[in-house]
Amino acid sequence: MLLLALDTATPAVTVALHDGERVLASSDETDARRHGELLLPAVDRVLTEAGVALGDVTDVVVGVGPGPYTGLRVGLMTATTVAAARDVPVHGLCTLDGIAYAAGTAGLEGPFVVATDARRKEVYWARYADARTRLGEPAVDRPADIAEVVAGVPAVGLGARMYAETFTGVRDDLPEHVSAAALAALAAERLAAGAGTGEQRGFLPPLPLYLRRPDARVPANYKVVTPR
């Protein structure tokens, strides 16, 4: 097993290689405006550091969000293209699950909340029973609308840090962005668990989890001005 994992659903551009037992190499850079510019060089850098070729990869793992439209698509398109070119499977994972898994590895026990920045003064968030068990589906909300649910609950992620007046149990000592190393380790666990469909093992299709409409829309009362 040699997993290539990547995620661009948050401001982090993160890539890792995992052999089923440990992380062989990883790269993490934070720049919300340069996902497309940074991702492929990071993949090349991780492969080189691990001393392996792209053709050695047996599986691709990708964070499917939730996340902003453009950045999220960079990682998904790269993952699906690499998987198709090498004829290997691609496994989607919820980005929030990766943050939860990393928090658990760092010692956080459940229950807790993970929240990332959704812009527009909103957060993407989900509740967890423990580092491997999400309670319900991810959501996007204004912090004030979920204050009663999250107040005092241990919370992880940039969204929780940004709205600490709502996420009063925020843990500043834990990761604020997802890491591909955590996604890869979580995927390795699920792949090693045995038979079953991807969904039964906790994987998602490699499709973007947006949770809301993109910012770009056709204007109301749009008129065609070119001849037909």
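Is alanine 185 buried or exposed? In this predicted model, alanine 185 counts as buried because its relative accessibility is 15%, and the cut-off for that label is under 20%. The residue sits in helix H6, which runs over residues 180-192. Setting aside residues up to four places away in sequence, alanine 185 touches His18 and Tyr101. There is also a long jump in sequence here: alanine 185 and leucine 17 are 168 residues apart along the chain, yet their C-alpha atoms lie 9.4 Å apart in space.

Tyr101 leads straight to helix H3, since it is one of the H3 residues that meet H6. H3 covers residues 95-105 and is mostly tucked away, with nine of its 11 residues buried. The buried set is made up of Thr95, Leu96, Asp97, Gly98, Ile99, Ala100, Tyr101, Ala102 and Ala103. Just past the end of H3, glycine 107 adopts a positive phi of about 115°.

How do the two helices sit against each other? The axes of H3 and H6 come within 8 Å and cross at roughly 90°, so the pair counts as roughly perpendicular, the range for that label being 65 to 115 degrees. On the H3 side, the meeting residues are Asp97, Gly98, Tyr101 and Ala102; on the H6 side, they are Ala182, Leu183, Ala185, Leu186, Glu189 and Arg190. Sorted by class, this contact holds six nonpolar residues, one polar residue and three charged ones. Asp97, Gly98, Tyr101 and Ala102 thus turn up twice, as H3 residues that meet H6 and as buried members of H3.

The pairing of H1 with H2 has another geometry. H1 spans residues 35-50 and H2 spans residues 69-86; their axes come within 9 Å and cross at roughly 30°. Angles under 35 degrees count as roughly parallel, and H1 and H2 are therefore roughly parallel to each other. The crossing of H1 past H2 is right-handed. His35, Gly36, Leu39 and Leu40 make up the H1 side of the contact, and they meet Gly71, Val74, Gly75 and Thr78 from H2. By class, the residues of this contact are three nonpolar and five polar, with no charged ones.

Gly75 of H2 also links this helix pair to the strands, as it is among the residues touched by valine 62. Valine 62 lies in strand S4, residues 59-63, and counts as buried because its relative accessibility is 0%. Beyond its sequence neighbours up to four places away, valine 62 touches Leu6, Gly75, Leu76, Ala79, Val90, His91, Gly92, Leu93 and Pro206. Its C-alpha atom is separated by 9.5 Å from that of leucine 204, a residue 142 places away along the chain.

His91, one of those partners of valine 62, belongs to strand S5, residues 90-93. Histidine 91 has a relative accessible area of 10%, so it is buried, again by the cut-off of under 20%. Its side chain is not without a polar partner: the side chain of aspartate 59 makes a polar contact with that of histidine 91 at 2.9 Å. Leaving out neighbours within four places in sequence, histidine 91 is in contact with Asp59, Val60, Val61, Val62, Leu191, Phe203 and Leu204. Leu204 appears here as a contact of histidine 91, and leucine 204 is also the residue whose C-alpha lies 9.5 Å from that of valine 62.

Note on methods:
Residues are numbered from 1 along each chain as its sequence is written. This is a predicted model: local features need pLDDT of at least 70, side-chain atom pairs count only at pLDDT 80 or more; totals for chains, interfaces and linings use all residues. Side-chain values use heavy atoms; hydrogens and water are left out. Helices (H or I, at least four residues) and strands (E, at least two) are DSSP runs, numbered from the N terminus. Buried means under 20% relative accessible area, exposed over 50%, partly exposed in between (1.4 Å probe, protein chains only). A polar contact is a pair of N or O atoms within 3.5 Å; within protein, one must be able to donate a hydrogen and the other to accept it, and residues adjacent in sequence count only if both atoms are side-chain atoms. Contact means heavy atoms within 4.5 Å. Axes are lines fitted to C-alpha atoms, for helices over the stretch in contact, and angles run from 0 to 180 degrees between N-to-C directions. Angles under 35 degrees count as roughly parallel, over 145 as roughly antiparallel, 65 to 115 as roughly perpendicular and the rest as oblique. A crossing is left-handed if the near helix is turned anticlockwise from the far one by less than a right angle, and right-handed if clockwise. Ala, Val, Leu, Ile, Met, Phe, Trp, Tyr, Cys and Pro count as nonpolar, Asp, Glu, Lys and Arg as charged, and the others, Gly among them, as polar.
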